[in-house]
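Visitor: Please give me a close look at one part of this model, and start with how the chain is connected.

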Amino acid sequence: MTFPDKQTVLDYIRDNPTATTKQAIAKGLRVKGEERNVLRAILKELEAEGALERTGKRAWAQADRPPPTGVVEFTHVDKQGDLIGKSIGDNGPFGPDIIYAGPSGKPKAKAPGIGDRALCKISERDGEWRARSITIFEKRLSDRLIGLYSTGPRGGKVSPASRKERREFVIQDADTLGAKDGDLVIAEPKPQGRRHYGPALGEITEIIGHISDPRSASLLAIHAHDIPTEFPEAALEQARNPNPAPSEREDLTQIPLITIDPHDARDHDDAVYAEKLDDGWRVIVAIADVAAYVTEGSPLDKEALKRGNSTYFPDRVVPMLPFELSADECSLKEGELRRTLAVEMIFGTDGHKRSHRFIRGMMKSAAKLSYEEAQAAIDGKPGGKAGELLEDVLKPLWGAYAALAKARDKRAPLDLDLPERRIQFKENGEIDGIYTKERLEAHRLIEEMMIQANVAAAETLERQKSPLIYRVHDTPTDAKIAAFAEFLQTIELKWSIGERPQTHRFNKLIGELKDGEYDQMVTQMILRTQAQAIYSEENLGHFGLNLVRYAHFTSPIRRYADTIVHRALISSLKLGPDGLSKEAASQLEQTAQHISDTERRSMAAEREATDRYLAIFLKDRVGAEFEGRITGVTGSGLFVQLAGIGADGFIPISSISNDYWVQDEAAMALYARGSGETYSLGQTVRVKLKEVTPLQGGLLLQMLSDPMPAPEGRKEQRRNMDLGHVPRRKGGPPRSGKPKFNKKTLPKHKRTSRAKGPKR
């Protein structure tokens, strides 16, 4: 057949509004094989042109009409009293107004309100679009303000804790809820008449702590992102009285499985064991059998799904499961009998897996070791339990890992060596110091064995034709690769954009530039080129790990995705009555979207808390000088990460010098108009700490280092870009001998403002 053109695809989607996914469109148009890649390109082009709106990872709708099933955000009530919303796509709201028409299927179901998002069935009737809610997500609470309460001569006010927030609320005496100066609070806007022209009024609805509390950084992030911290009583009762589902189990208690975790870990998801065979290795990865305790539809299950994952702050963990399970009954504690879902894998001496099988069993951990203890024993400094297990347990594990590493190196996953920093606290909660976590071979061993177990889970479920949630990492988009290639041209490096991106090509480039002038610059750009890993019911593969299929199986205590995979294995392999139900399997698309959202929520909260703690740590060092590296370039300034600390600060462009600085987007650089001198992504610089705002986690820096000369290959290009575009001095004529600045003729790269100086 002749592959359809754009109009044919648009016509088909218009005539078949329920066909929203790439698979459904391909099936309707009878597209098969390699032609699916062409269809994918057409869909992306139509999206870029605005004809289609992406409503999911692989779902589209016409930009002027909502999908038959999709997420609706309800924003206001109209004059008739109807709740009004809009469809939400990957790029935000789109399409016509949609009227809320009640729940779908359950008459007494909770109704959404203003600020809520809900998964809805959407239909058109008499020219109006109507939505019936299927599932209501967390309330967005867009009107509230989280911040610092301070008293003043005319009452109090609440200043925002977020750098993105610009509002402040004035709090009248009757609305303080007893808040004192320095309290961290949640405030809601207070209704005001149309004739109110003063500052916005608010009322405090909750006091969450005090700014002097060392824990305040995490508390602000928890509340700002609505991360649940309290478990419902029904879930706690279920956790306190665990009643695991009955099932036949294999006895693994005689196998010396051990856990290797961070020294301060409280929960232990996984244990490992290896044994030398005549022609390879036998490896067992045993995982806590959370599915036996967190049964589908139970209070614990509902709360775990709501949270989606545990959230790890520098000073605490907000767990997905109550302590009674996460750190006790489900945790693979040393010497205690525990239920497990394990996978036994047989590898050849070349590290390639020959076979595997899943086991529902009982185990008893032979030891709880830290990464440092295990590594020290292997490095010739055995001590304690690690010394006792060195010959029979640790050395076989390292032998198996040596084989697995051969296959891993041949597979060539993306090799970005990004340092991980950790904040260390004193007993009173104050920051003791910041250090970079050492990357040990023990870390790589556990990581590779977990990867192999995750692959085995995905392979088994595919073989069983079972529904599952994949962990996917999509290939970099054509647009990102094109931008990356353009960036490399600015430093006189080539990258062919005609070929499919492959991890080994990135790795080769990293290796060639290692420890050179452009090493960190290129590494940062490679990182920016990557897609974000998400959960999906559709298998897109995992680009970063260079794997065809991948699922999360190894951390069910802290990730709901793993619990879904466990249940799918239990049902498909007939390992017990507590597997994945048909109803839950039919909702995997929504579940994958939800847990991807909760993961992003946790990442944002963790990052905000870390920024605040780093700002608190640095608040007494204003005026100090630091080495740093430029990690971000924008039209308004430079982001610099301080060496050894990992804190990110900002240098406003107006403070750099009296030059006119222009953003070169392709080169990820700022350059001085005329001289072409440059500050570029990845460049090492020296900066001074000018200001710290612990409440927002912000650092204001001053540039001390001189710019670098413009790259040779970029000089002429920038000279051409600058021709005829010299800005007029404020209040004066153009610079002598140069053309008048004409704003309309600016090229696409951004013009930035000149540094402020004395009036002339």
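Visitor: What percentage of the contacts in the chain with a separation of 6 or more comes from residues 24 or more positions apart? After that, please take me into the largest nonpolar core.

Guide: Happily! This is a predicted model, in which local features need pLDDT of at least 70 and side-chain atom pairs count only at pLDDT 80 or more, while totals for chains, interfaces and linings use all residues. Residues are numbered from 1 along each chain as its sequence is written, and side-chain values use heavy atoms, without hydrogens and water.

To your number: residues 24 or more positions apart account for 66% of the contacts (heavy atoms within 4.5 Å) that have a separation of 6 or more. The chain carrying them has 760 residues, and 49% are buried (under 20% relative accessible area, with a 1.4 Å probe and protein chains only).

Now to the core, meaning a set of buried Ala, Val, Leu, Ile, Met, Phe, Trp, Tyr and Cys residues joined through side-chain atoms within 4.5 Å. The largest one holds 88 residues, and the members touching the most others are Ile-258, Val-285, Leu-394, Leu-397, Met-449 and Phe-553. Let's stop at Met-449: leaving aside residues up to four places away in sequence, Met-449 touches Val-272, Val-283, Val-285, Met-345, Leu-397, Ala-400, Tyr-401 and Leu-404. Separate from this is a second core of 50 residues, including Leu-416, Phe-487, Ile-630 and Ala-647.

For the wider setting, the chain has 18 helices and 33 strands, counted as DSSP runs (H or I of at least four residues, E of at least two). As for the surface, the chain exposes about 37300 Å², with 48% supplied by carbon and sulfur atoms (Shrake-Rupley method, 1.4 Å probe).
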